[in-house]
Amino acid sequence: MITRRTLLGTAAAAAAVGVSAPALRAADADTLRFASSAGGPRKADPNYTTQGADNWHCTQMFEYLAAPEDGDFGKAPSDFQPWLAESWTTSDDAKTWVFTLRRGVQFHKGYGEMTADDVVHSFMRAMNDGVSTSNYINISDVTASATYEVTITLNNPDPLFLGSTIFTKNVMVVSKKAEEEKGEGFATDPIGTGPYKLDVFDTENGVFMSRHEDYWGEPANISKIECLYISDTTARTLALLSGEVDMIEGVRAPGWVPQIQNQKSDLLFDMTVPGSFNTLFFNLSKEPLQNIQVRKAIAHAINKQELVDALQPMARMVYSINPPSYPTGFELEELPEDLRYEYNPDLARELLADAGFPNGLTLPVNTSQREDYRSQHLIIQEQLRGSGINIDLTIMDHSAYHGSNRQNLNTLNINSSSLPPIPLYVYNNYAASAANMKDDSSGGANYSHYGVAMPGVDEKLEAMLQTTTFDEYVRVGREVELQIQRDLPMFGLPTLSYTVVRNPRIDLGYEVNGGYAYWRFCKASIVA
Amino acid sequence: MNEVAEPGNAGSQTDNIFEREALADEPTIADAIRAVIFDRLSTKIAAVLVVVFIITAVFAPTLAPYDPLSQSILNINKHPSWEHWLGTDQFGRDVMSRMIYGSRNSLIFGLLSPIFAAILGVTLGVTAGYFGGIVDRLISRVVDMLMAFPELLLAILIAAALGGSFWNIVVVLTIAFTPGFARVARASTLAVKQEPYVEAAIAAGVSTPVIIIRHIIPNILAPIVVLMTLWAASSIRVEATLSFLGIGTQPPNPSWGNIIRDGLANMFATQWPILAGGLTITVVVLAISILGDSVRDALDPETNQ
C-alpha cells in the first residue's frame, strides 16, 4: 500500500536524483555540451543554415580552404593561414586565384579523400543555390585544374577575396560523393572534413558529434560535442548553473551579464567585439517609410546612447552601417553634420510635421521573442513614443519573425548578424539590389528594397570591384557608406557582442576577440 | 433539471404552486446577497478585495506612481524601495505601476467577456429551449461541440489564429464562455416554459418575443448572474494565461500575465514581478470565486435553507 509518507519519500528521492544526475553526468564524461537559444536544429549543412544556432555544429564538422587564427576575423590578407588549401597564389590583376589543396584530407565516415572536385562542387552550390548566393556573384568560374588544385576566376579583382569569399560558411567544403548520394538528406547527415563528425541529428534535442579519428590535423581534445537547443532563457541559464551544460549562448538583454555573474562568480564570458551588427531596415515598400523625412524623423528619435547604456557591457556605438573599427565605418566627427542623426526628439517632430504627420503616426512592427531583438524594439518603441511615433508591436516566435521579414510583412525590422570587416560582404548582403527581399521569401537580406524601390548603390559597388588596391577599395567603400547614410534605407544601431557563458572547467584553447557568432571546439579541453 | 424537464403531470404542478407561495415570503435577491456576504468572514474579505481591485483598476492613472511604459535605463532591475514599491523590471519600468495598470486589463476582460458571453449564450440557450425541435438540436450540437474543447485550449486556438489584439482576446474569451451560458439558459428556459404563467400568456395570445423578454428571461436570470461571477474569475485567469504565453495582451502594455512572462526571463535579476503578478492573480481570482460561490448560495433556494 502506498501511504502518503512513502509517496512523499519517493518523490523527494526522485527529485534529488533528478537534480544531481545531470551534473554528475556532465562532470564525468569527456563531453562538451553547448546550448544555444533556438528551438531545435534545422539543417547541418553550412550552405543552407538559416538560424545562427545551426552554425555551431556546422563549424565543428566543416572547414574552409583558408582561415584566420581561431578567435577573430582576418583583418588583412596576411592573417589567413592554410587550412584545407596548403598554399595559394593570385594573379597580378587579382582576378585569378589558384589554391593547392592539402593531400590526405579524409572525409568523415569513409567518404574518401578530399580532391579538387569536392571543392569545386562546394563553391558551385554556394553560387547557384543556398541562402547567400548574392555574396558569390563576383566569381566567374571555379575549376579543378589538377586533382589537388582549384582555380577560381573572378569577374572583378577582389583584394579581400580570402575574407570576403573563402572564409564564409557557405563555401565550407562538403563531400561531393556524399551529397550526391544523400540528396536532401545530406542536410541532416552531413559529411565534411572537420575535427568532429556527426553521430545523431535529433530535431528535438540537438546535434551530437564525436571526434573524427582520421582528421588531417591535430585531433580534437574532447571526444564528444553536443550542440543542444534550449530556447527558454531561464531553463538554459539553470542548465549552465547546474552543470548540465558547459556553455550557453548568452542573453543580450538589459542587465543580463551582471545578474549571471551574481549567480556564479567564476563563470567566464566569451564575447566578440564589435559583435553583431544590428541594422534597422526601413521597408521602402511600406507607407509612409518611402518618405525620407519620416525615416530621418525616426533616426533622430532614436537615442542610440541609451541603447548602449542599457545593453552594457555588450553594446558598442555605431554611427553608420559599419562600426567605426571596420574599414568603411565612420566615427561621429568624420560624418557630415546632417548625416550624424544625433538624438533630437524635437527635430524628429518637426520632420514628421514637414512630412505631413503633425500629430504623429502609427506603424505596425513585428519583433522576435528573442531577447536582443525584443529589448531593442521595446526600447526604440518607447523612444519613438517621445516623438509622437507610435509603434504597434507584435512579438512573435523567432522563426516566425524572420519569416515575416523575408516575406515583406514587416516595416521596421532589425537584423542582427555578425558580419566580417569586409565592406563588400556587408553591402552585397544588405544594400545590393541583387539581395532584394521578395514577397515569396526567395530574396536576400536587403529588407529595405534599396536599389529597387529607390536608386541604390549598385554602381558604386561595381566600382568597388574595379579597384585593385586596398586603399582605393576602402575609399570607394566609404562613398557607399555615406550614400547609404544619406538615402537612409537602413540605420545602424549599436553592435552587440555575441556572448557565450562558459563553465570554467572548459578551456577553449584560444581567446575569443571577434569573428563570426560561432567558434570551434577542437582545441578545447576539460581542465577540472 | 430532470424534475422540471418532465413537467406536465398534475403532481409537479401542485409542487410548483406550493413553491411559488413559499418564494413569495422569502427575502428579495438583494437581501439574500447582502445576508450571505455579511454572514461569512471569508466572503467579507473577498468582497473587500474585489472592491479594492475594482477601485485600483478604475483609478489606475491616479493611483499609479509612474507611467507604466516609461523606461529608465539607469534604473533597471531595482529591488523594492520607497521610490519603487515592487522594484523595477529589466527596462527600468516601475513594476507597481505596471501591476496597477495591468488590473485594468484584468477588470475589463473580467467584465466584458462574461457579459458578452452571457448575452450570446442566453440568446442561443433561450432560443433552443423555447422553440425546441430542429433549432434546439442545431444549437445544442454546436454548443456541445464547443464544450468538447477545454476553455483554455479553445482560447489558445482562437488567439493563435486571430493574433493577440484587445478585441481578439475579448472575442476569444466570449466564444470560450458562451457554451456554458447557453446550456444553463436552455435548461432554465425548458423549466420556466412549463410554468402556468407562461402557458397563460400563450393562451392569452401574447406574442412570442414579449413572452421571452417579459416572462422567460427575468425568471432565468439568477443562475446566469451566478455564472457570470464565476466566469469573471475564469476570464481573468485565462487572459493572464494567454498573455503569459505571448498571445494575449501585447507588450509594452502591461497585463498580469505578461508581467510574469517578462519576469520569468529576468528571474535571476529580480523576482518581484513574478511574485507580484502571481500573488495578485491568485488573490483576485480567489476573491471573485468566493464571492461568486456566495452569490450562488444566496440565489439557490436549496443551499439557502
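**View 1. Helix α4(B) passes helix α13(B) in a left-handed crossing.** Left-handed here says that the near helix is turned anticlockwise from the far one by less than a right angle. This is a predicted model, in which local features need pLDDT of at least 70 and side-chain atom pairs count only at pLDDT 80 or more, while totals for chains, interfaces and linings use all residues. Residues are numbered from 1 along each chain as its sequence is written, and chains are lettered from A in the order in which they are written. Helices are DSSP runs of H or I with at least four residues, strands are E runs of at least two, and both are numbered from the N terminus.

**View 2. Angle and contact of α4(B) and α13(B).** Residues 41-58 and residues 272-299 of chain B pack at about 125°, with axes 8 Å apart. The two helices are therefore oblique (not under 35, over 145 or from 65 to 115 degrees). Among the residues in contact (C-beta atoms, placed from the backbone, within 7 Å) are B:Ala46 and B:Phe53 of α4(B) and B:Ala287 and B:Leu291 of α13(B).

**View 3. Helix α13 of chain A, residues 423-430.** Here 7 of the 8 residues are buried, so the helix is largely enclosed by the rest of the structure. Buried asks for 20 or more other C-beta atoms within 10 Å of a residue's own. A:Tyr427 and A:Tyr430 are among the buried ones. Packing partners of the buried residues include α15 (470-487) and β18 (490-496) of chain A.

**View 4. The start of chain B, residues 1-14.** pLDDT (the predictor's confidence in each residue, from 0 to 100) stays under 50 here.

Notes: Axes are lines fitted to C-alpha atoms, for helices over the stretch in contact, and angles run from 0 to 180 degrees between N-to-C directions. Two residues are in contact if their C-beta atoms, placed from the backbone, lie within 7 Å. A residue is buried if 20 or more other C-beta atoms lie within 10 Å of its own, exposed if 12 or fewer, and partly exposed in between; C-beta atoms are placed from the backbone.
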